[in-house]
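Visitor: I am new to this structure and would like a close look at a single part of it. Please take the ligand and its surroundings, and then one residue elsewhere in the chain.

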Amino acid sequence: MPDNSNNAEKQIMDADWRPFHANPKKPDFHPPKGAVDAHCHVFGPAQQFPFAPTRKYTPCDASKDQLFALRDHLGFSRNVIVQASCHGNNNDALVDALKSANNLARGVAVISPDISDDELKTMNDAGVRAVRFNFVKRLVDATPKSVFLGIAERIARFGWHIVVYFEAADLEELIPFLESLPTPIVIDHMGRPDIAKGIDDWGFQKFIRFMDNNPGIWTKVSCPERLSEFGPPYDDVIPFSRLLVEQFTDRVLWGTDWPHPNMKSHMPDDGQLVDLIPRIAPTINQQQALLVDNPMRLYWPEQADNPKENIDGTV
Ligand code: 0GY
């Protein structure tokens, strides 16, 4: 069962925590109708949904209402909310956000192997469609691959898929494991390439070969603010995202990563992030695939042919 035993503990954000941008610009780029922000989080509020005792950081609160207001401000229609490591495997804040989203949000949960089928079904009913396997050592204690494999078998039966977060240096070692998973896989933040080395570096080329060899692998062309050497306007990251959009147009997703956990250098303006989209997906067809058709196929397959359904009045 999820450990939620520290309700009494004071949960003050870390002293060096950077809260999300308070007043992001209205983007100049207008996303196509039905656009999905396919990577974002909710934090707490800690009073209602305490952070996990096992967490590696304590963030500021970032509520579902703030997330949905940002969605509307940016001109998006839907969210895919990813369970953040600060909530461990207690998905209550995520599920609460999904339930209030009027079918306009889907979830990526983090679960423990002893979860029951009833609990999985409840999460499925709320809108969870994937689990996340996190290999980033600064965020989580390691989980044995055998445990992840067991979870993969369980969630495959619900038609869910797997979102994976790892550092570029770990790709080589992870490839056999990833290729053994029974569902589609979505790789966070382009597998975190070393931007300073350029797109021809063997590490990024290996990532491209991995996607080429495995049609079930998708990736998020997200987080320029996390990957950039030089900060805004993130020119150094654009060639990486653009290449992936061009080469794998029907297997890429885009997300804000709001509220941008663990950003130390600066806090991005989410409107400015949206304005990068036409630089990484220059054609209308690429923008439609990246922002609407691809995420709809993965997260709302029942509505994929009619992505405008249910969004009037919210965009
Ligand atoms: C992200 C990236 C980070 C954090 C998490 O679950 C998390 O805590 O994903 C990070 O610190 O790189 O995708 O939000």
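Guide: What follows describes the ligand site and then one threonine. The model is a predicted one.

The ligand occupies a cavity, and that cavity is the largest. Around the ligand there are 15 residues. The closest of them are His41, Tyr57, Ser85, Arg138 and Tyr165. Two of these five also have polar side-chain atoms placed against ligand oxygen atoms. For tyrosine 57, the distance from a polar side-chain atom to an oxygen atom of the ligand is 2.4 Å. For arginine 138, an N or O atom of the side chain is 2.7 Å from a ligand oxygen atom. Histidine 189 also has a polar side-chain atom 2.7 Å from an oxygen atom of the ligand. The ligand on its own would expose 340 Å², and the protein buries 100% of that area.

The residue to look at next is threonine 183. Threonine 183 belongs to the loop that links helix H5 (171-179) to strand E6 (185-187). Is this threonine buried or exposed? Its relative accessibility is 10%, and buried means under 20%, so threonine 183 counts as buried. Leaving aside residues up to four places away in sequence, threonine 183 touches Ala152, Ile155, Ala156, Trp160, His161 and Ile162. With isoleucine 162 there is also a polar contact: a polar atom of the threonine 183 side chain lies 3.5 Å from the backbone nitrogen of isoleucine 162.

Terms used
Residues are numbered from 1 along each chain as its sequence is written. This is a predicted model: local features need pLDDT of at least 70, side-chain atom pairs count only at pLDDT 80 or more; totals for chains, interfaces and linings use all residues. Side-chain values use heavy atoms; hydrogens and water are left out. Helices (H or I, at least four residues) and strands (E, at least two) are DSSP runs, numbered from the N terminus. Buried means under 20% relative accessible area, exposed over 50%, partly exposed in between (1.4 Å probe, protein chains only). A polar contact is a pair of N or O atoms within 3.5 Å; within protein, one must be able to donate a hydrogen and the other to accept it, and residues adjacent in sequence count only if both atoms are side-chain atoms. Contact means heavy atoms within 4.5 Å. A residue is near a molecule or strand if one of its heavy atoms lies within 4 Å of it. Accessible areas come from the Shrake-Rupley method with a 1.4 Å probe; for residues, only the protein chains shown count as cover. On a 1 Å grid over the protein atoms alone, a cavity is a set of points where a 1.4 Å probe fits but cannot get out, and a pocket is an open set with protein on both sides within 12 Å along at least five of seven lines; lining residues have an atom within 4 Å of a point. A molecule sits in a cavity or pocket if more than half of its atoms lie within 2 Å of its grid points.
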